[in-house]
Amino acid sequence: MNPDITVIVPIYNVEKYIRKCLDSLKRQTYKNFEVWAIDDGSPDNSKKIVQEYADKDPRFKSILKENGGYGSVLEYGIKNTKTKYFLVCDPDDWLTDDALEKLHNFAENSNLDVTVGDKYNIYSEDNKKVYIPSFKKELNVKPRVAYDTAEKKDRFIFSEVSPHAKLFKTSIAKNIDFPHKISYTDTILYVLSITNAKRVGYLDEALAYYLIDRPGNTMTAKTEAKIRDTIKIWHSIYNQLINGFELNQIETYIYFLYYEMKIILITESQLPSMSKYHTEILKIMRIMQRYNKILAKYVNNKVVPYNTNSMTGRLIFKGFMNKATYKWVERLYVKLERKREA
């Protein structure tokens with residue numbers, strides 16, 4: 001029987017963690033899958049460990065490639081896999097034993113293009129486990145329901161965007177472009193997949209374990225490199241949305257990009273001084289000003305969650321959208337965030 005799920009495992013300097021990840025895949029109660037452990041030019045012994053598993057289990061494939069970053073691994077895996085579905089499992093994380101079975105059953109029974117599960121955050125120092133739901137309550141996303149209307153489906157982009165416990169139908173992701181040599185490209189995968197999807201669903205069970213505090217974790221970084229990479233991710237998503245869809249199809253996604261712009265500003269507020277990528281941030285703000293009318297619907301009318309429908313939020317939004325004041329308001333916003341976090 002040909003496998004119908006490919007588990008893509010991006011490999012780079014993870015010899016300390018990879019066995020736990022691969023062991024969790026070997027224990028899966030669902031058996032009709034393959035594992036593509038794609039080594040991105042890793043200089044450590046990760047590839048030797050992966051080969052041990054490949055020698056013992058034909059479902060495990062060791063794939064070696066030159067270093068190109070996380071996006072290049074996603075690109076290679078998605079464009080070359082032949083299975084109906086794929087799942088990304090980062091090598092320092094692991095799955096519950098029944099993760100593939102539950103995600104696959106829900107996807108098949110409901111004809112889903114994207115299936116989203118919950119996860120646990122794991123803290124290595126004390127092995128603390130924290131349940132992380134994918135959706136905030138105000139999103140009003142009901143579990144075990146197939147959503148096929150734009151109004152409901154588009155809410156899924158405000159989920160946790162990391163790949164943990166997410167099953168994708170391969171066909172909807174084949175044409176997604178991934179920049180190389182930068183982090184956070186899983187955001188591109190998730191947002192563009194939701195945009196392309198016709199039917200999506202949520203499974204309210206934690207099916208993945210995310211080692212959140214390991215050294216070098218890019219998600220918890222507070223560096224200029226994070227700002228640099230997030231800016232590149234922002235432009236990649238924006239360009240693929242604008243060039244691939246009619247504007248009336250992606251209004252919610254334009255608001256998502258506004259929300260992501262504020263995340264970049266918050267990251268800058270966590271630095272001791274102005275980022276050297278500050279000019280690039282201002283360019284994003286000028287792009288957002290083109291969509292003032294669209295954004296105003298979301299900011300002022302609570303069309304989707306994460307709106308800024310408060311007096312302060314509305315004033316900041318108006319300042320961001322004003323070509324005469326946006327630079328000053330941006331500095332004020334960063335200053336206020338820095339003070340709030342102090």
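Biologist: How many nonpolar, polar and charged residues does the lining of the largest cavity have, by class?
Modeller: This is a predicted model, in which local features need pLDDT of at least 70 and side-chain atom pairs count only at pLDDT 80 or more, while totals for chains, interfaces and linings use all residues. Residues are numbered from 1 along each chain as its sequence is written, and side-chain values use heavy atoms, with hydrogens and water left out. On a 1 Å grid over the protein atoms alone, a cavity is a set of points where a 1.4 Å probe fits but cannot get out, and lining residues have an atom within 4 Å of a point. With Ala, Val, Leu, Ile, Met, Phe, Trp, Tyr, Cys and Pro counted as nonpolar, Asp, Glu, Lys and Arg as charged, and the others, Gly among them, as polar, the lining comes to eight nonpolar, one polar and two charged residues.

Biologist: What is the volume of the largest cavity?
Modeller: The structure holds one cavity of 30 Å³ or more. Grid points are joined across faces, edges and corners, and a volume is the space filled by probe spheres set on the points. Counted that way, the volume is about 40 Å³.

Biologist: Which elements give two or more residues to the lining of the largest cavity?
Modeller: Happy to list them! The lining includes Leu87, Val88, Trp94, Leu95, Ala208 and Tyr209. Helices (H or I, at least four residues) and strands (E, at least two) are DSSP runs, numbered from the N terminus. The elements you are after are E4, strand E5 (94-95) and strand E10 (200-211).

Biologist: Ala165 is in that lining too, so to speak of its backbone, what is its phi?
Modeller: Ala165 sits in the loop between helix H5 (150-153) and strand E9 (166-169). With a relative accessible area of 1%, Ala165 is buried (buried means under 20%, exposed over 50%, partly exposed in between, with a 1.4 Å probe and protein chains only). Most residues other than glycine have a negative phi. The phi of Ala165, by contrast, is positive, near 55°.

Biologist: Is Lys181 buried or exposed?
Modeller: Lys181 lies in the loop between E9 and H6. Lys181 also has a positive phi, about 65°, although it is not a glycine. Its relative accessible area is 55%, which means Lys181 is exposed.

Biologist: Which residues does Asp229 contact, leaving aside its neighbours within four places in sequence?
Modeller: Asp229 belongs to helix H7 and is buried, with a relative accessible area of 4%. Its C-alpha is 8.9 Å from that of Thr185, although the two are 44 residues apart in sequence. Taking contact as heavy atoms within 4.5 Å, the partners are Ile182, Ser183 and Tyr184.

Biologist: How far apart in space are Ala225 and Ser183, C-alpha to C-alpha?
Modeller: Ala225 is also placed in helix H7 (residues 224-244). At 32% relative accessibility, Ala225 counts as partly exposed. Ala225 and Ser183 are 42 residues apart in sequence, and in space their C-alpha atoms are separated by 9.1 Å.

Biologist: Which residues touch the most other members of the largest nonpolar core?
Modeller: A nonpolar core is a set of buried Ala, Val, Leu, Ile, Met, Phe, Trp, Tyr and Cys residues joined through side-chain atoms within 4.5 Å. The residues that touch the most other members, out of 75 in this core, are Phe156, Tyr258, Met288 and Phe320.

Biologist: Which helix gives the largest share of this core?
Modeller: The share in question is nine residues. They come from helix H8 (residues 251-269).

Biologist: Which helix has elements such as strand E1 (5-11) and strand E4 (85-88) among what covers its buried residues?
Modeller: The buried residues of this helix include Val73, Leu74 and Ile78. Its cover also includes strand E2 (33-40), strand E3 (60-65) and helix H6 (185-196). The helix is H3.

Biologist: Stepping back, what is the radius of gyration of the protein chain?
Modeller: The chain has 12 helices and 10 strands. The radius of gyration is taken over C-alpha atoms, and the globule rule, 2.2 Å times the number of residues to the power 0.38, gives 20 Å for 342 residues. The chain is close to that, so it is as compact as a globular protein of that length, with a radius of gyration of 20 Å.

Technical notes
On a 1 Å grid over the protein atoms alone, a cavity is a set of points where a 1.4 Å probe fits but cannot get out, and a pocket is an open set with protein on both sides within 12 Å along at least five of seven lines; lining residues have an atom within 4 Å of a point.
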